[in-house]
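Before reading on, please take a moment with the sequence and the fold shown here. The paragraphs that follow go from the overall layout to the strands, the core and a few local details.

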Amino acid sequence: QFELDILPSARLLERLDANILEFLILSDQIPLNEAHHDFRDLCRDEMIFIVPPDHRLARLGTCTVTDLAQETFLVKAAPSATRTFILDKIRASGGTLGREMHISSTEAIKQGVMHGLGVSILSRFTVAHELDAGRLCEVPMDSMRFERGIRIVFRRDKLLSPATMRFLETLVLDQGAGPAVQKRFPASDG
C-alpha cells in the first residue's frame with residue numbers, strides 16, 4: 001500500500017518516529033536527530049523567483065533583493081521550513097520583504113502568482129509546467145541562488161520493507177545516481 005502525505009515537516013517526523021511512516025522525503029534544511037534518523041541524498045532542488053508574465057520585473061528580465069521589498073510576496077505562514085529557508089537567504093543578502101500574503105499550500109501560491117496577487121520563490125520542479133506554458137515567468141535574481149537538497153529520511157533503528165527498499169532504490173536511480181554511487185537502504189527480509 002502506498003500513501004502520500006503532504007504535511008508540515010515536524011508532523012511528518014512525528015509520524016516517522018511513531019512508526020506510522022517508513023520514510024520521508026524532506027528538504028535538507030530540516031534538522032534531524034542524528035541518533036534516531038538516517039538519510040540518503042535524493043536530488044538538488046533549485047528554487048526560483050516567479051512572477052506573472054506581464055509583471056514589470058518580467059519585462060526587466062532581472063531582479064535584485066531590493067525589488068522584493070516593493071512587492072507583495074506570497075509565502076507559507078510560519079512554521080514552514082521552506083519559508084525559513086527563503087527568508088534566511090534574503091536576510092543574509094541584506095534584503096527584506098515588504099508585504100507578505102500567507103498562503104497555506106504551494107499550489108495556492110502558484111495560482112496566486114498566476115493571477116497577479118504577488119510574487120514568490122518556489123521550487124523549479126513545482127512550476128516547470130506553468131513556465132513551459134507561459135503562465136509564469138522566471139526572473140533571475142542578481143547574485144542570489146536558492147538551492148537546497150532533497151533527501152530520503154528514515155529511522156536509524158528500523159529496517160525497511162523489501163517493497164519500500166525497492167521503491168527507494170528505483171527513486172534514487174531515476175534521479176541519476178548510478179549503482180556505483182548509490183547507497184543501500186537498510187532492508188528487512190520480510
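Helices, taken as H or I runs of at least four residues, and strands, taken as E runs of at least two, are DSSP runs numbered from the N terminus. With that numbering, asparagine 19 has its place in the loop between α1 (9-17) and β1. The model is a predicted one, and in it the phi of asparagine 19 is near 65°, a positive value in a residue other than glycine. Most residues other than glycine have a negative phi. Asparagine 19 is also partly exposed, with a relative accessible area of 42%.

Stepping back to the whole chain, the protein has seven helices and seven strands, and read along the sequence these follow the pattern α-β-β-α-α-β-α-β-α-β-α-β-β-α. Of its 190 residues, 42% are buried. The protein exposes about 10600 Å², and carbon and sulfur atoms supply 52% of that area. Among contacts between residues at least 6 apart in sequence, 73% join residues at least 24 apart.

Strand β7 (residues 146-155) offers a good place to see how such distant parts of the sequence are brought together. Strand β1 (residues 23-27) pairs with β7 in the antiparallel sense over five bridges, and within this pairing phenylalanine 23 stands opposite phenylalanine 154. Strand β2 (residues 37-51) also pairs with β7 in the antiparallel sense, here over 10 bridges, and methionine 47 has phenylalanine 146 of β7 as its bridge partner. Strand β7 is mostly covered, since nine of its 10 residues are buried, that is, under 20% relative accessible area.

Phenylalanine 146 leads on to the interior. The largest nonpolar core holds 21 residues, of which Phe49, Ile121 and Phe146 touch the most other members. Elements that give two or more residues to this core are β2, α2 (56-60), α3 (65-68), β3 (72-75) and α4 (81-92), and the largest share, four residues, comes from α4. In soluble globular proteins, nonpolar side chains tend to be buried together. Leaving aside residues up to four places away in sequence, phenylalanine 146 touches both nonpolar and charged residues, among them Phe85, Ile86, Ile90 and Ile121, as well as Asp45, Glu46 and Lys89.

The two ends of helix α6 (residues 124-133) complete the tour. At its start, a side-chain oxygen of serine 123 reaches to within 3.1 Å of the backbone nitrogen of phenylalanine 125. After α6 comes glycine 134, whose phi is positive, near 80°.

Methods: Residues are numbered from 1 along each chain as its sequence is written. This is a predicted model: local features need pLDDT of at least 70, side-chain atom pairs count only at pLDDT 80 or more; totals for chains, interfaces and linings use all residues. Side-chain values use heavy atoms; hydrogens and water are left out. Buried means under 20% relative accessible area, exposed over 50%, partly exposed in between (1.4 Å probe, protein chains only). Two strands pair if DSSP finds at least two bridges between them. A polar contact is a pair of N or O atoms within 3.5 Å; within protein, one must be able to donate a hydrogen and the other to accept it, and residues adjacent in sequence count only if both atoms are side-chain atoms. A nonpolar core is a set of buried Ala, Val, Leu, Ile, Met, Phe, Trp, Tyr and Cys residues joined through side-chain atoms within 4.5 Å. Contact means heavy atoms within 4.5 Å. Accessible areas come from the Shrake-Rupley method with a 1.4 Å probe; for residues, only the protein chains shown count as cover.
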